Amino acid sequence: MQFRRIVVAIDGSPTSLAALEATAELASAWGAEVVGLFIEDTNLLRMASLPFAREVGSHSGAHRAINPDQFEREFRSQADRARNTLWYVAERFRLTASFHVSRGPVKAELLKALGDADMLSMGKGGQSVSASLGLGKNARSIAAGTGGIVLLFSHVARVSGPPAIVYDGSENGEKALDAAEELAGVLGTSLMVLCPVESELDRAELEEKARSKLANRQSKLEFRQILTRNVPDLARYVRSSGANVAVLPTSSPVLPPDALELLVSRFFGPVMLVGGGAEKEEASQQ
Amino acid sequence: MATTRELGPAALRRSYDPDAFGFDTTAELEDQVDAVGQPRAVAAIEFATGIGRAEYNIFALGAPGTGKHSLVENHLRKRAEERPAPPDVCYVHNFERKDEPSILILPAGTGRKLRKDMSRLNANLRSALRGAFESEEYQTRRQVIEDEFKERPRQELQEVETRAKEQGLVLLRSPSGIAFAPTRDGEVMSGEDFQQLPPEEQQDIQDTVEKFQTEVQLALREMPSWDRERQEKVRELEREVIGMAVEDLMGGVREDYEEFAQISTYLDAMQDDVVEHARGLVESEMPIQEGAAGPNSAQPPTISLRRYHVNVVVDNHNMTKAPVIYEDNPTYDNLVGRIEHSARFGGMYTDFTHIKAGSLFRANGGYLMVDAHRLLQAPFAWETLKRALQSRRLRIESPAQAMNMMSAMSLLPEPLAIDVQVVLLGDPMLYYILSQQDPDFEELFKVASDFAERMDATEENCTGYVGVLAMLAREDGLRPFDKTAMAHLLEHSTRLAGDQNKLTARIGLIHDVLREADFWAGNAGSEVVSATHVQQAIDAQIHRSDRIRESTYEQIERGTIMIDVEGKQVGQINGLAVIAFGNLAFGRPNRLTARVRVGQGDVVDIEREVELGGPLHSKGVLILAAYLGANYTSDSPLSLSASIVFEQSYSGVDGDSASAAESFALLSAITKVPLRQDLAVTGSVNQHGVVQPIGGVNEKIEGFFDVCSGKGLNGSQGVIIPASNVRHLMLRHDVVDAVSSNQFHIYPIETIDEGIELLTGIPTAQRDADGAYPEDTFNRMVSDRLVEMAEKRRAFDSPSSTVTTPPDSEVE
């Protein structure tokens, strides 16, 4: 797997800017092109055009009237800020970069952007509850829908390793293992392979399979057996394993959608979601 | 004519017999620990230290070098042996009022142990807290709480979103908030589409949106209270988990100090504080991370384990008795203590660990010696010391803080109850000034320990004196002094005392000679210091400071300063003055002249007229005028006008020691009888013509001797002194030798008549039965001359007078 083109969704929020910074560092190591993407959400514009359009402040809880002009102005301002930040970061990391503004529903625009790229990078959202609402779900469905890779960043943005992957031996798992090894390789760290299996025998089998898959790679592999299926416990385990970045397959039987989304929200560091190929086809039909 | 006997050499100097000491060198002597020659001062110190009451502090007054410091210190140390070691004094954090550190008073040695134990406890506390926070129990229970409260708003909003979806609405997240909009075919309905809906449906949608907005609003408004609830649950968890860990950890320390109620109370408060601030404590002790609080960070750490340190400001662990402290620099800070500050986070920071105790703290339970002069020179120090002694409490605070002049953070430490006896050391003048000017002084320093400047040269004192000198020599690592050296030192001491029966109590001056004599002995390659080296030291001391004396004598020898040392002159005599520079005093002959004429009985002191004469000198001149009138013209007015002057005197003159010489000059001027110039005179006179003692007799005699020697001794020269000064004679060996060889003479006189006979060779005699002086006596000549002048005056004053002589014309 090679990362040649990475799309970074920038909405001007602190986490999206952190995502840009961290992605630029990775792209520099990989020699990848970075595409900055700012989406003007048409759903928001439509909603603002309704005669009774109002919003509730996500921190203050205050009611206030909204209108399309207000959003248009905010979009332009945010896009300018995103563009300037991209140029600054690209100059600093000496990257090939471009910046695009698209208009449409956010999820559709992200799906479209990921279709042309090897990876989509974005922030987990701001501090507010509203910002995190549905993030895991959308990110999962984007990764699953495109069969691509979505890298989510929180405030702890720097990918400094080592990565930990939840590896189940599935096809999606193989792909995630490949991406995780790529990440460990560029970071120069070992790769922590967490095997959600019941027995030591199964773990040994998974280890053999993974080692076989990565036979020609340089990264040092560390295998650990995880017994729990409880998502909070799993999140705590990943968190306490010392991993800086979690790599999760989107179609693993041990990580059903709800569990995956929960894990995304609970893990404090960057999360890389790796979609499966079959789902990509399924999603494209939707 | 009565004959005045001159003094023999034996009367001119006191000698001490070296063989009477009973030793060859001071190496054979043991240290002299008892005070010598200061019984009054010693008794006062023993009384004050014995009575042991608060106001009975001591002022030791005496001239410099009288051994105040060593004597007081030795006595205080003896007293201190009888008293127990005072307790340690520690400052610790006050958990209720952090700016008012608490004081712990603990038995000597306990403070240091407590500090060590608390330091160890702190080191373990850090790891115990970390361990508790990292324990699986804590982590799991904490995560459960966090998950519960993280999930709660999410669930709330998800429920709202789900119900909104059922109502055909979608929840949208804008950059700044949450909004609801109706959907059509999975997309947000546009404004145009909405307008095409029937009004009732529009209203329904609008109402539904408003309902969900309100729900969201209520959910969001609950968030702060959920967060508070979460924090409280976390705190409860920490109190439980950390409390157990801390209880285990502190158990050992508690047991060790259970007998000390103060420490137990402190440990209780500390334990509560640790539990309350456990999280902050661990985080503040974490390795410094970029952007986190650290020494160079803009933000101070919230809390630190430093607050559980013990600051032992007085550590008496090695004390077995009461302290005796000498504060040689009694500034406010050194006396009381100070609160230091350190630059931190752009401001001045302090806490209880920055408290430093002063000497009053360290001397608590014992004695404090302070130089009074230095104390009074230090701003705020004297007032603070008095306040502390009055209130028996001492609080460390900076003067700036006390005067509200300090804006930086500071503290108000708990005051210490003090029990200290203070001894001020100073000169007598300072003592008397304080007694008169400071109403608090006598209340607080009730005992004066008065150090005499001289002591009787009794056998016992001489033995003790030698013992003290031997001890000082030994303490200074000097060579042994042989018995001749010691005898010579005693003679020097007697000379400094200015009395054959006294020794100077200014041991410091003799101590200097000891050290310098040792130097000269070393130069000479001698193992023992002898009288020769002592004399060499004395001579060298004089030589180092006698430039002005040499210069003065040189001017006399050259005739620039006119002094006759032979022949006779009318109305002219050699008086003697003492000039003092630092520790050197020397005698200087002065020509005194007098002239008379008919007048109204006034004797003009020219020195006074030009303000070069002091009040004592003027008094002497007035007394001699009174003597003249009463002794010679009791029946008629004194009808002369006389002037007396110190010739070639260009600086001030004071004292009455020249009044006898002035009398002789005046009588000579009246009678026109010349006076011997080979004699010099010193002594004061009273109204009855009795010659009284004066000071500096040795220097005066030696001064005239040196001048005569410079011009050449002719065998007739000498000095007339008051008889009452004979016991003060301690003349140089060369003067004594000159007297022995009849080259120089010392004449003691008791009356003016005796002096006149010596100076004129004419008998004086007393009045006969008729009240008249006999013929051919000096006094008759004076009397006749004064009568003659009175008649001239009377004739001049008479209206029928034909006398044409002006009243103030010369009558020579």
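## Two sheets and the cores of chain B

Strand 1 (residues 58-61) and strand 16 (residues 421-426) of chain B run parallel and are joined by four bridges. Helices (H or I, at least four residues) and strands (E, at least two) are DSSP runs, numbered from the N terminus. Two strands count as paired if DSSP finds at least two bridges between them. Before we go on, a word on the model: it is predicted, with local features needing pLDDT of at least 70 and side-chain atom pairs counting only at pLDDT 80 or more, while totals for chains, interfaces and linings use all residues. Residues are numbered from 1 along each chain as its sequence is written, with chains lettered from A and ligands numbered from 1 in the order in which they are written.

Within the strand 1 and strand 16 pair of chain B, A60(B) stands opposite L425(B). Both strands belong to an open, parallel sheet of five strands, in the order 8-13-16-1-17 (chain B). Its edges are strand 8 (324-327) and strand 17 (447-450) of chain B, each pairing on one side only.

Chain B also has an open sheet of three strands, in the order 3-2-7, with antiparallel pairing. Here the edge strands are strand 3 (102-106) and strand 7 (311-314) of chain B. Strand 2 (residues 88-92) of chain B pairs with strand 7 of chain B over three bridges, and C90(B) stands opposite V312(B).

A helix packs on each sheet. Contact means C-beta atoms, placed from the backbone, within 7 Å; axes are lines fitted to C-alpha atoms, for helices over the stretch in contact, and angles run from 0 to 180 degrees between N-to-C directions.

| Helix (chain B) | Strands touched (chain B) | Angle |
|---|---|---|
| Helix 14 (residues 428-437) | strand 1, strand 16 and strand 17 | about 140 degrees with strand 1 |
| Helix 3 (residues 110-134) | strand 2, strand 3 and strand 7 | about 35 degrees with strand 2 |

Which residues have the most contacts inside the largest nonpolar core? They are A60(B), C90(B), Y367(B), V423(B), L424(B) and L469(B), in a core of 112 residues. Such a core is a set of buried Ala, Val, Leu, Ile, Met, Phe, Trp, Tyr and Cys residues joined through C-beta atoms within 7 Å, where buried means 20 or more other C-beta atoms within 10 Å of a residue's own. Helix 16 (residues 459-475) of chain B gives the largest share of this core, eight residues. Among the residues that V423(B) touches are A60(B), V72(B), Y367(B) and M369(B). A second, separate core of 109 residues includes I149(A), A180(A), L262(A) and A179(B).

Methods: Two residues are in contact if their C-beta atoms, placed from the backbone, lie within 7 Å. A residue is buried if 20 or more other C-beta atoms lie within 10 Å of its own, exposed if 12 or fewer, and partly exposed in between; C-beta atoms are placed from the backbone. Lists of a residue's contacts leave out its neighbours within four places in sequence.
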